[in-house]
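Could you walk me through this structure, stop by stop? I have it open in my viewer and would like to know what to select next.

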Amino acid sequence: MTAALLLATAIAWPVVLTAAFMVRRLRAAVVVLAPTLALPALALGFAGEPALELQVPGLFTSMRLGVDGIGRAFLLLTALLWTCAVWHTASYMRADPRRRAFTGFLLATGTGNIGLTLVQDTLSFYLFFALMTFAAYGLVVHTRTADALRAGRVYIVMAVLGEALILAGLFGITALATDATFAAVPDAFAVMTRPGLVATVLLLGFGVKAGLVPLHLWLPLAHPVAPTPASALLSGAMIKAGVLGWLRFVPAGEMSFSAAGITAMTLGITATLAAAVAGTLQRDVKTVLAYSSISQMGFVATGFGAALLVPTAAPLMVLAVAVYAVHHALAKAALFLAIPVAEGSRRPLMLVTAALPGLVLAGAPFTSGAMAKAALKSALGGETWPVPVDLLLSVAAVGTTLLIARYVSLLALAPARIPATGSNRGGQSSRELTVGLVAPWALLVALSVVGALWLPWVLAPLGELPLATQPAYVAGALWPVALGVVLAGGALLLRRRYPAWTVPSVPAGDVLAVVERAARTLHSVGAPLARIAPGHAAARGWYWLEARTGAGLDRAAAAYDRAAAGPALGAIMVILAVLLFLALR
Amino acid sequence: MNLIMASSWLPLLVLLSSLVPGLIIVFLEEERVQLRTALNITGAVAKIVFVALMLYGVTHGHTYAWSLPVMPGLRLNLVADPLALLFVALSAALWLVTTIYAIGYLEGSPNRSRFFAFFSLCVTATAGIALAGDLFTFIVFYEALTWATYPLVVHRGTPASVRAGRTYLAYTITGGTVLLVGIVWLYALTGTVTFVDGGFVEAAAGGAVTETRIIFGVLIAGLAVKAAIVPLHGWLPVAMVAPAPVSALLHAVAVVKAGAFGIVRILYSVYGVEYATLIGAAQVLAVAAGITIIYGSLRALAQDDLKKRLAYSTVSQVSYITLGVAIVGPVATLGGLVHLMHQGIMKITLFFCAGNLAEVHGVKKVSELAGAGRRMPFTMAAFTIAAFGMIGLPPTAGFISKLYLGIGAVQAEHTWIVGVLVVSSMLNAAYFLPIVYRAWFEDAPTGATMGEAPWKLLVPAAITAALSLGAGLFAAMPVSPLELARLIIQRRYGL
Amino acid sequence: MSDILSPDVLLPAVVLVPLLGAAVAVASARAAAATAVITALLTAAIAVLLGRAVVAGGAVTHAAGAWGAPLGIEMHADGVAVLLLVVTAAIGICITVYATSYFRPIFEDEEDRGVRFFWPLWLLIWAALNAIFVATDLFNLYVCLELLTLPAVAMVALDGDREAVAAATRYLLLSIAGSLLFLLGVAIVYSGSGTLALAAIRESGMDARAAATALTLMTTGLAVKAALVPLHVWLPPAHAGAPAPGSAVLSGLVVKAAFIIVLRLWTEAFPGSLLAPGADLLGVLGAIAVLWGSLLALRQQRVKLVIAYSTVAQVGYLFLVFPLLLEAPGPAWSGTMYHLLSHALAKAALFLAAGAMLRAMGSDRLDDIAGVGQKLPMTFAAFGIAGLNLAGMPPSGGFIGKWLLLTAALSSGQWWWAVVIAIGSLLAAAYVLLVLRAAFLQPRARPLRHQPPWQLTAPALALALLSVVLGVWAEPPLLLLGATAPDLAP
Amino acid sequence: MSDDVVFPLLGVFLFGVGFAAFVGRRHLLWKIIAVNVMASGVSVLLLTLPRRAGEGVDPVPQAMVLTGIVVMVAATALALALAVRLAGLSPGDGRHRHTRE
């Protein structure tokens, strides 16, 4: 009962806050209360026992709420991140004139994000997912700079594309499902004529949010321009919503989706490697992190793809995916929140602390990262793959390490050297380090570093995590990190030695330029086409005809009248009579 | 008991509740504002009451019928079956808000008596179309609607509006005549015109397939003009010169809806979608609707004039209804029928808001919308809700219609329709989101006038916006349009 | 009492009363108006009573002076006849009321010329019309036709300007020629069948060649009077030139009389001829008339001319009956008659409304009346309603007629006539709109010369509304028509 | 060559000549005369066409001819009156009050 009440509160409280924000009088109060946004959800995450169900008939398409194993993991990470980020925002945004509006969008986005972890039916999931997606636009374009608006444009286009694809998939499922619950999804797929198609569509649809290459275009643009807490949430929590979408809508393990699986794995592995390269060559610290996210989600995609391909491996894969999701969320959020802190102080201790979650991310031994990689590898290990997946992933881990090195080096640089972007308006020199600014970051760092200790507990309902303490695992986890560090050091030395060398740089959003050119061409072709108006042409044609024939008609009539005044009429009369006579006899 | 006693008169009363005020207003001088307003509002409220009574009765199993012999074998039949109620409820509800809006919109302008007189006649005709129990009654009110609307279209009296009126009539009268020929032909073939759930053509003339095919084509061609199916949609964007309440009427309450409703009737009560599919007519219609949906959206994309953009959006949106009923299967029909209502409430909101923008700040173009959110927050909030509805975002009404259309398409295994729906959703987003963006994320030009619209213009928009949201958010509630549509489907398919 | 109301009294009375009225009107110009009003009411009452009698007891017959045909005058009133009588009476009352005000001078310096002649002419026409509706033999028909033509011609000349007089002259000469052709036909018929009674001719089994000749001559002659294209040239100037109430009766009723005779010849006297392609020929001419008349109406610059050309088109509709009659007797017959009746009402209303505009603005040019709609609401309302009737828009008698004609065309598989009917009604809508547009244009500075009194507005509106009543309350008249549909069995 | 043939032919001839003149001549007076000739042609025809009615004098044709003559007189009178009126009016003259600007 209390659990049910908690569940209701967890979803109601954000809604209430968002609604209250709409009322001008309450706005100030709401802004103060904003950090409590996710607290009920957090409490639920820790307290709620799995498989808790609550149905709200009448609302929307009779909404179903509940917490199950997988949902709990995402609920926890979401609630944690939101609590920390919004808390952080309060002081991060102190100087910002548009602080309130930002909070408003934050609340709406949070409502969506938290809501989608709590619902148990596809339609409501889509509802909250859409809310999150579109409200987040306000976060991306917050600064209204040219970059921000461009990023916003790309973001919204991709978002709409994603929503549309998800909608199509939703049609496919709902049409055959007995009801809208997630429980009914597998049965729906079982009776589908083309389950593979639906699965692929959904994979891509949620892939936009999950930063699946090549649908990742918005990520490297949105992150640098959005205020840092927003970036943290985008990369930490919202990306995971896409992953949750995969897990909820595509019944991995029920059947084998070869097409979708191969797609996911290929794209995933490509992402892990390519994103690492592209990211290392970035100049903006937040862009680097964005690419790191893309690369990390590559791992997740690989895992999910494997699950789609090999139903037997699915349970382990799902577990691995969940671990990845949670630990990446925490680590990435911590890395982002470090940036404003760094703007306040660049003492070595701080930089080292900031780097720690990076190591977790890279999968250093005895971290949750290592645990995640172990889970992934052990799951993959059961099968034989055309490509050395194992090796590739380790290489990717090296890339991750390099990314982190790049991150730290950029973080260490004086702000003046950091190109001016939305994240630090005009490279403002320093921030005042307040509790509100530091504490959330510190908390996240702590949680992420000791992740290995508590994640198993969180994910217990999904299965037993391999404690990655065996020497093999340790070695397997250690060498990529070590290699990465060495390479990074080498790079640093080279740079010291030959300052003249310039690192080639990749434009943020790599292939985006191509896409944009294509879009422009398409528009220039499409616009004239859209101007064709058959219907109206018909009307115009009629008027033209009228104008043309009218005069002729008058002339004909006049001529006939004149003729009829003379013998012609008589002749006509006779002709008529003759005709009639002939026609009558 | 009382209900049952009044039953046979209720349909007639629904008509009279707007006809009588209209006829009185004709003879009213311009100055009698109070009386005129009183008449309008009383009539509108009365209509809603009557409709509500019938709604109650029908949900409890009554059917209301009133008829008047016109010619041997043909009667003026007013029948309130659930399908009729769906439409009449929509028009009744929207008539009230539109009347309030029009009163506010036309304050102090000339020829208001004429305007409101024809306004009422227009709604009477619409109610007649909705309640028509056979094709004869239908065509009678259908043609009446054409002429009752003309004075509203040309209301401003400018050469431009008179030209628009000419185009309007050129299209609609031709359509009406074609429809009449089709109806008479069908009558000559089958000997009956009375609507039957599931259609009567197969039973009466199933043998003459070719002929029924041709007749179907003729009927639809006639109706497609008002339903603005490409390439017969040309009048709709041109009619934009009319005052905002009229546009609202054209797009949401009366004319376009009459066309769409007619198509629904043909498929639902005359041919029966199964038979129409059997003779391959429904598929063709569905394709036409699909083309219209995409084409309308593309055209809307290119418009800078706000009302023109909305007009093309109507062209696209109304064909959802056609698409829905042209697909075999209960769910698709459900989607089409419920969209009949949803499109109405959403589109009327958009036009109210467009009217407010033009009326209060003289903003008529999309390019002038910068900062509109700041300038008139409530209006733009309503607009945004409706726009999201048009895109089909949850939890708005638009999502519900789109969802059921999509499900129906999949169940009928028309994957291409899913494609159409998805593409059109994206296109809708492409031409609505920029408006929302300009309104909320751009700053108003310096020296732009501020200030919200007067309440008479604001309240209607607020109400309809609330409806557009509520119809989706509480779709599962027993009183929602969805449930009403479900009632029809159950009656038809006995689910 | 009852014997006064017996058909034997009513039937002659319906012809004699207007005749007497005409005589009185000639005798005293001062009492003319009053006489006319009384006569109108009386005639109308008689027509209605006759109608009741027929509805109650079926068709009634009366032989004047107990002589019987052919020398005597036998009168016969069936359903069609009484409907025509009643509609004529309705129009008659309205025209009479209208005329009481129409000729009144607006300015002092105007001498009141027309009205002195108007009343007797009008009542004569009325008498002749009624006589034609109840006549049973060719000879009486011929006489009544002349009785109708001469006052009609004078009516055209009444307005006095040169165009009108020229038009009247042309009208006169052409219709005399027409009458002579008719008479020639009558002669042949009589020699061939030895009788003049329509019904008897049918039984007489006269030689086919002679019958064809006679029918040809009579039809051609009447086609002139009915202004069937291509013999319509006299109509537009004549009908546009006459004073409004005159135009109303000419366009509304007089041309119809000629058509009625043709129809009765083909159905009652020579039903066999419907089999011949001649019926199709008439249909084709009708179709041409529909299109040609409507198109020309669209080109006119004066309201009265628009209406006059529309008459040419509407007469065309009537002639479509011949090809349809055999295949679909029921709908074709009732449809045509119904179209005739409602068009009579509507056309009269249109001309009366046009007259009111003319009086108000001093001109009926389209650009002169632009924007006066708000100043003459009732007049334009009447014009609009009657116009919709012409376009066959529901709810109006025109719609019922159109529906039935379409039914006839489509149920007999002759869809091409349906196409003609449809296009015709579209064009009708177009030329009605041509005038109606003026009502909605923004008002011009041009002031009203004269605010028309109720006598000029009410009758037009009344007739327009009657045509609507005919559209809503159509069952009784249609049953009456159906009951008296001609028996076409050869 | 009996009367039964000659007179009817004469009638037809008269009618034909009249008709030719009627449509051929433009002058009003000619036309008026022409229709009268046609009329007399018809009268001759009426009186002389062979009858099936058999023996005895048939009053009907006589009656018809008489009436026809009366009608023609009236028509001719009206036509002449109009002709005179027309001669008196120059174009646009006698414009009636209803159409005066």
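Here is a short tour of a predicted model, with a few selections to make in chains A, C and D.

**Stop 1: a pair of rings in chain A**

Select F125(A) and F129(A). Both belong to helix α6 of chain A, which covers residues 122–140, and being four residues apart they are separated by about one helical turn. Now look at the two rings: their centres are 5.9 Å apart and their planes meet at 20°. Planes under 30 degrees apart count as stacked, so this pair is a stacked one. Are these two side chains buried or exposed? F125(A) has 0% relative accessibility, so it counts as buried. F129(A), at 2%, counts as buried too.

**Stop 2: across to another helix**

Keep F129(A) and add F206(A). Here the ring centres are 5.2 Å apart and the planes stand at 85°, so this pair is edge-to-face. The pair links distant parts of the chain: F129(A) sits in helix α6, while F206(A) sits in helix α9 (residues 195–209), 77 residues apart. F206(A) is buried, as is F129(A).

Next, widen your selection to F125(A), F129(A), F182(A), F206(A) and F249(A), which ring pairs link into a cluster. Over all chains, the count comes to 47 aromatic pairs.

**Stop 3: charges over rings**

Stay in chain A and select K373(A) with F299(A). The lysine lies over the face of F299(A), at 4.9 Å from the ring centre. For another example, move to chain C and pick R359(C) and Y102(C). The charged end of R359(C) sits over the ring of Y102(C), 5.6 Å from its centre.

**Stop 4: a buried threonine**

Still in chain C, select T39(C), part of helix α2 (residues 32–57). T39(C) has a relative accessible area of 5%, so it is buried. Which residues does T39(C) touch, not counting residues up to four places away in sequence? Show V17(C), P18(C), G21(C) and L123(C) to see these contacts.

**Stop 5: a nonpolar patch on the surface**

Finish in chain D by selecting V5(D), V6(D), F7(D), L9(D), L10(D), F13(D) and V17(D). They form a nonpolar patch on the surface, and together they have about 580 Å² of accessible area. Zoom in on V5(D), which lies in helix α1 (residues 3–24) of chain D. V5(D) has a relative accessible area of 39%. Partly exposed means falling between the buried limit of 20% and the exposed limit of 50%, so V5(D) is partly exposed.

How values were computed. Residues are numbered from 1 along each chain as its sequence is written. Chains are lettered from A and ligands numbered from 1 in the order in which they are written. This is a predicted model: local features need pLDDT of at least 70, side-chain atom pairs count only at pLDDT 80 or more; totals for chains, interfaces and linings use all residues. Side-chain values use heavy atoms; hydrogens and water are left out. Patches are made of residues with over 30% relative accessible area and no salt bridge: like charges are joined within 9 Å, nonpolar side chains (Val, Leu, Ile, Met, Phe, Trp, Tyr) within 5 Å. Accessible areas come from the Shrake-Rupley method with a 1.4 Å probe; for residues, only the protein chains shown count as cover. A salt bridge is a side-chain nitrogen of Lys or Arg within 4 Å of a carboxyl oxygen of Asp or Glu. Helices (H or I, at least four residues) and strands (E, at least two) are DSSP runs, numbered from the N terminus. Buried means under 20% relative accessible area, exposed over 50%, partly exposed in between (1.4 Å probe, protein chains only). Rings of Phe, Tyr and Trp (its six-membered ring) pair if their centres lie within 6.5 Å; planes under 30 degrees apart count as stacked, over 60 as edge-to-face and the rest as tilted. A charge sits over a ring if NZ of Lys or CZ of Arg is within 6 Å of the ring centre and within 35 degrees of the ring normal. Contact means heavy atoms within 4.5 Å.
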